[in-house]
Each structure stands twice: as C-alpha cells, then as structure tokens.
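Me: Hi! Could you walk me through the charged side chains in this one?

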Amino acid sequence: MKELLEFIIKGIVNKPEEAEIKENTVKVAAEDMGTVIGREGKIIKSIRELVRVWAVKNNVPVNFELLEAEGV
C-alpha cells in the first residue's frame, strides 16, 4: 500500500520531497493540501477508493490519515 500511495501522492504534489508516507499517515506540504484534497474532497476520495480496491484485492485492512507537514 505504501508504494501505491507514494506513487499517487508524489505524482500530484508540487513538493514531492516534502511528502511523507508512513504506516497510517500521509503528510504533505501546506500548499499541497488543496491539491491532494481537491474540490469538495474528490481527489482524496478517489485516492482512498484506489487504496481500498488494492486492499480488497490483497485481503489487507487499510486506513490512512492526511496530515499537513510540520514546520512549513
């Protein structure tokens, strides 16, 4: 799951070097929060759905939280 999230998140943000994906958290720069969330939350919902499909296929429970990177 981590590799999938890294591929998606780092591909859409302006500062991929500040994106950090850990077990249950995804941290991005403050200016990238809007990009990841999208209008009315459509992008983050789509990302969650893709991860959910991966989890079902691999029979793995999954849940992650989106956080703003500190010190920005």
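What follows is a short chat about salt bridges and one charged residue without any.

Me: Before we start, what kind of model is this?
Reply: This is a predicted model, so please read the distances below as computed from it.

Me: Got it. How many salt bridges are there?
Reply: The count comes to four salt bridges. Happy to go through some of them with you.

Me: Great, what does K15 pair with?
Reply: K15 forms a salt bridge with E31, and their closest N and O atoms are 2.6 Å apart. K15 sits in the loop between α1 (2–12) and β1 (20–21), while E31 is in the loop between β2 and α2, so the pair ties together parts that are 16 residues apart in sequence.

Me: And are those two buried or exposed?
Reply: Partly exposed: K15 has a relative accessibility of 30%, and E31 has a relative accessible area of 40%.

Me: Switching to helix α3, which residues make the salt bridge between R52 and its partner?
Reply: That one is R52 with E49, where the closest N and O atoms are 2.7 Å apart. Both are in helix α3 (residues 42–58), and because they are three residues apart there, about one helical turn separates them. R52 is partly exposed, with a relative accessible area of 44%, and E49 counts as partly exposed at 40%.

Me: Which residues are joined into a network by shared partners?
Reply: K15, E18 and E31 are joined into one network by salt bridges that share partners.

Me: Nice. What about K22, who does its side chain meet?
Reply: The side chain of K22 meets that of E20 in a salt bridge, at 3.1 Å from N to O. K22 is partly exposed, with a relative accessible area of 48%, and E20 is partly exposed too, at 31%.

Me: Okay, new topic: D32. Where is it?
Reply: D32 is in the loop between β2 (25–28) and α2 (33–37).

Me: Is D32 buried or exposed, and what is the nearest side chain of opposite charge?
Reply: D32 is buried, yet has no salt bridge. The nearest side chain of opposite charge is K15, 7.0 Å away. A salt bridge here needs the nitrogen within 4 Å of a carboxyl oxygen, which means that a gap of 7.0 Å does not qualify.

Me: Then what does D32 touch?
Reply: Leaving out residues up to four places away in sequence, D32 touches V13, N14 and K15. K15 is therefore a contact of D32 without being a salt-bridge partner of D32.

Notes: Residues are numbered from 1 along each chain as its sequence is written. This is a predicted model: local features need pLDDT of at least 70, side-chain atom pairs count only at pLDDT 80 or more; totals for chains, interfaces and linings use all residues. Side-chain values use heavy atoms; hydrogens and water are left out. Helices (H or I, at least four residues) and strands (E, at least two) are DSSP runs, numbered from the N terminus. Buried means under 20% relative accessible area, exposed over 50%, partly exposed in between (1.4 Å probe, protein chains only). Lys and Arg count as positive and Asp and Glu as negative; His and the chain ends are not counted. Contact means heavy atoms within 4.5 Å.
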